[in-house]
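Colleague: I would like to go through this model element by element. Can we begin with the sheet?

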Amino acid sequence: MASLLHRLGRGAFRHRRAVLAAWLLVLTAAVTCVITVGGSTDDEFTVPGSPAQTAMDTLRTELPSAAGTSAQVVFVAPEGHLITEPRYAQAVSATMARAAKAPQVVSVTDPVRDKVISADRTTALGQVRYRVSRAGLHDGSLTALERTTGDAEDAGLTVEVGGSAYGSGKSTGHTKEAMGAAVALVVLTLTFGSLFAAGMPLLTALTGLAVTLLGLSALTGVLAVSSTAPSLASMLGLAVGIDYALFIVSRHRSQLAAGMDTEESAARATATAGSAVVFAGLTVIIALCGLAVVRIPFLTVMGGAGAAAVLVAVGVSTTLLPAVLGFAGERLRPKPGSRAARREQAARRAGDDGRRPLGERWGRAAIRRPLLTLAAVLVGLLTVALPARDLRLALPDNASAPAGSSQRQAYDVVSHEFGPGFNGPLLVRADISHAGDPRQATAALVRELKATDGVAAVGEPQVVGHGDAAVIQVVPETGPSDARTKDLVEHLRDEAGDRRERTGAEVSVTGTTAVNIDVSDRLASSLVPFALVVVGLSLLLLLLVFRSVVVPVKAALGFLLSVAATLGAVVAVFQWGWLSGPLGVGETGPVVSVLPILVMAVLFGLAMDYEVFMVSRMREAYVHGAAPRDAVLAGSRHASRVVTAAALIMFAVFAGFVPGGSTMLKPIAFALAVGVLVDAFLVRMTLVPAALALVGRAGWWLPKWLDRLLPNLDIEGERLATEHPAEGTGPGGTGVPGTTEGTGPGGTGVPGTAEGTGTGVPGAADASFRNSRPS
């Protein structure tokens, strides 16, 4: 891999104008596709093959008005008045008559005529049914409905419009990416000590983000893309795009500080750090694409969008970035005496003058008493993870919409005046084609439904087709996301067989609420199998890369700790309400059901990312003769600064999507922000060094039979030593040509140091994954 990337990096450097033109052409093509075939997003949740979805698909043919989405129009009389007063009742009926003529409306329910009025007669609830699902509504359909309420408001009524047609709100504003980019620029400037160098990762990441988002916009014309998919792609694309470029530019600057030629340095940075970038990117892509096994279309699209963003970020980092480095040329080389140059010299001195980098000091603190460090981190993470035991999953509804929105106001009024179940009624389809007396069978079914525990009201049956089926609206006593509503749906399904024998009607339960329950159940049941696949994949990949048994096991356990702590924090905030005010959480309740599996997929890739960059430096020092504890310190000294910067950038990007985010996106962004901090600082930079220091040489053990079976991936470019003779030498003394760090300054290099050995291999300074161990 490293040899291929070395040629790719050198080619991009030499032909930088052609590479830049190619990416500009890709951008132009994406813009053209958006203009010609772009469409709108589709936020409909479906589970093909589920009981609710199967019944819903049948209803779309039999009774489109029942299968389509619906809106609620809530009328509230002024204080001291009743909605049944003639002038108010007339205004209500007139409004519903106008609503019946709004675009795409198939039928309306006049609450005055049908007596859908609250017990205190102050509130009336009208219903507007559409012939299409929420995804099929035109842009102006709901706006046209809202305009029909003007006369009722002029008459003194308070009117709120809501219902399932509105969803639970979308992200607001376009400042989230800008906030993340601004914080990233600050962190990059502090990391590189140069505003010019800091602009390199930001420029390439924004280019990749633009390509991804334009591509997704074009796909909305031919595929069902949810509004959350571009937001997720935006988060991932910006975060990993900056981080991947950061790793490569950091390696490039380090090599330039050691005196390497700019072209060779760009090629080697692409080959070494770029190999780790490709590996980390592929792990994220595989995990996100693996979401397709859950067989939920909107989740598959979200995973595909995120995977596309990461794929573009990897492509930009390994092609466009080396070209940009070519345009920058010598301007990226740290000037003698500059902060960046002093930092590289300090790293090469390895603390010989008593001054150690912060990363090494952190590592020394972690391994001073490794058992105590392990115990402290484990207790802390498990404590944070405790709330995860109460995790409840559901899809968002209007109860979690922004507090000032019309749909939230309508939801709250309906819950208070009529009961929470009116916000999420169920539809019961009764197949009466085999009943002896269809009318009598339907009547018997209605009586049984009314007598069922948990049912607040049962509507009049609507006969469909040629009288072979009937649709009955069942209003639960509890809200759409309440666990008791789920219990009611399961009870109705469990009793279907007995009801068929008693009434002759074959019953199936559907409706938006039932479909959402089926989606949540499918996601919950897929969580453990998906976790096993992800953990198994991490074990295999790290076994191939580090040729060690302990490193993969430790990495997998650390990943599970990160996920558990992240889910615990999510439950504490979004279910228990801790810090809900500062974070803008309008309503606590079940966690959006897609969150655990999606966060697990994303965090897996990021965790492997940090694992590779931390442990590869430790592995390098160990195979060159360093003692296990010294190898751990070498890895902390060289990798901690870059990993810290990468984690802070990731955190800033994800956290920027929490304020103003949609009901679905806000908890996902929060979870990713917390997960990155936990995994980078507590697991990879603290727990990993302590664990490796505790087990000593056993941490790098691999059975000989397994060593012979495993292929050598050459992630860090050991073969470059013979394929590409090095150019340039490290500063001072007799450093080995082509090594990134050179040798000890002014000397001949000390075997066992992290910077190089007396017989160091050109190009292998960053990590050399050799099969041999020091004698």
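Colleague: In what order do the four strands of the open sheet lie?

Modeller: This is a predicted model, and what follows is computed from it. The pairing in this open sheet is antiparallel. Its edges are β2 (105–109) and β4 (158–162), each of which pairs on one side only. From one strand to the next the twist averages 20 degrees. Read across, the order is β2-β3-β1-β4.

Colleague: Which residue in β3 does Val105 stand opposite?

Modeller: β2 pairs with β3 (residues 123–130) in the antiparallel sense, over four bridges. In β3, the residue opposite Val105 is Tyr130.

Colleague: What angle does the direction of helix α16 make with that of β4?

Modeller: Helix α16 (residues 406–417) packs on the sheet. The strands touched by α16 are β1 (70–76), β3 and β4. Between the directions of α16 and β4 the angle is about 105 degrees.

Colleague: How many residues apart in sequence are Glu263 and Arg10?

Modeller: Their side chains meet in a salt bridge, 2.8 Å from N to O. Glu263 belongs to helix α11 (residues 262–289) and Arg10 to helix α1 (residues 2–14), so the bridge ties together parts whose separation in sequence is 253 residues.

Colleague: Is Arg10 buried or exposed?

Modeller: A residue is called buried under 20% relative accessible area. Its partner Glu263 has 18% and is therefore buried. Because Arg10 has a relative accessibility of 13%, the term for Arg10 is buried.

Colleague: Which residues are linked with Arg10 in a network of salt bridges?

Modeller: The salt bridge between Glu263 and Arg10 has been described above. The network containing that pair also takes in other residues. Linked with Arg10 are Arg14, Glu263, Glu264 and Arg268.

Colleague: Which helix holds Lys486, the salt-bridge partner of Asp521?

Modeller: The closest N and O atoms of Asp521 and Lys486 are 2.9 Å apart. Asp521 counts as partly exposed because its relative accessibility is 26%, and Lys486 likewise at 31%. The pair links distant parts of the chain, 35 residues apart, with Asp521 in helix α20 and Lys486 in helix α18.

Colleague: Are Arg684 and Asp679 buried or exposed?

Modeller: These two form a salt bridge, with 2.9 Å between the closest N and O atoms. Both residues are buried.

Colleague: How many salt bridges does the count come to?

Modeller: A pair is counted when a side-chain nitrogen of Lys or Arg lies within 4 Å of a carboxyl oxygen of Asp or Glu. Glu263 and Arg10, at 2.8 Å, are one such pair. The count comes to 20.

Colleague: Which helix gives the largest share of the nonpolar surface patch?

Modeller: The patch covers about 490 Å² and is made by Leu539, Val549, Val553, Leu557, Leu560 and Trp701. Val549 lies in the loop between α20 (512–546) and α21; this residue counts as partly exposed because its relative accessibility is 31%. The largest share, three residues, comes from helix α21 (residues 550–574).

Colleague: What percentage of the residues in the protein is buried?

Modeller: The protein has 26 helices and eleven strands. Its accessible surface comes to about 29900 Å², of which 60% belongs to carbon and sulfur atoms. Of the 775 residues, the buried part is 57%.

Note on methods
Residues numbered from 1 in each chain as written. Predicted model: local features only at pLDDT ≥ 70, side-chain atom pairs only at ≥ 80, totals over all residues. Heavy atoms only, no water. Patch = residues over 30% accessible without salt bridge, like charges linked within 9 Å, V, L, I, M, F, W, Y side chains within 5 Å. Areas by Shrake-Rupley, 256 points an atom, 1.4 Å probe, with all protein chains shown as cover. Helix = DSSP H or I, 4+ residues; strand = E, 2+ residues; numbered from the N terminus. Buried < 20%, exposed > 50% of the residue type's maximum accessible area, 1.4 Å probe, protein only. Pairing = 2+ DSSP bridges. Axes fitted to C-alpha atoms, helices over the stretch in contact; angles between N-to-C directions. Contact = heavy atoms within 4.5 Å.
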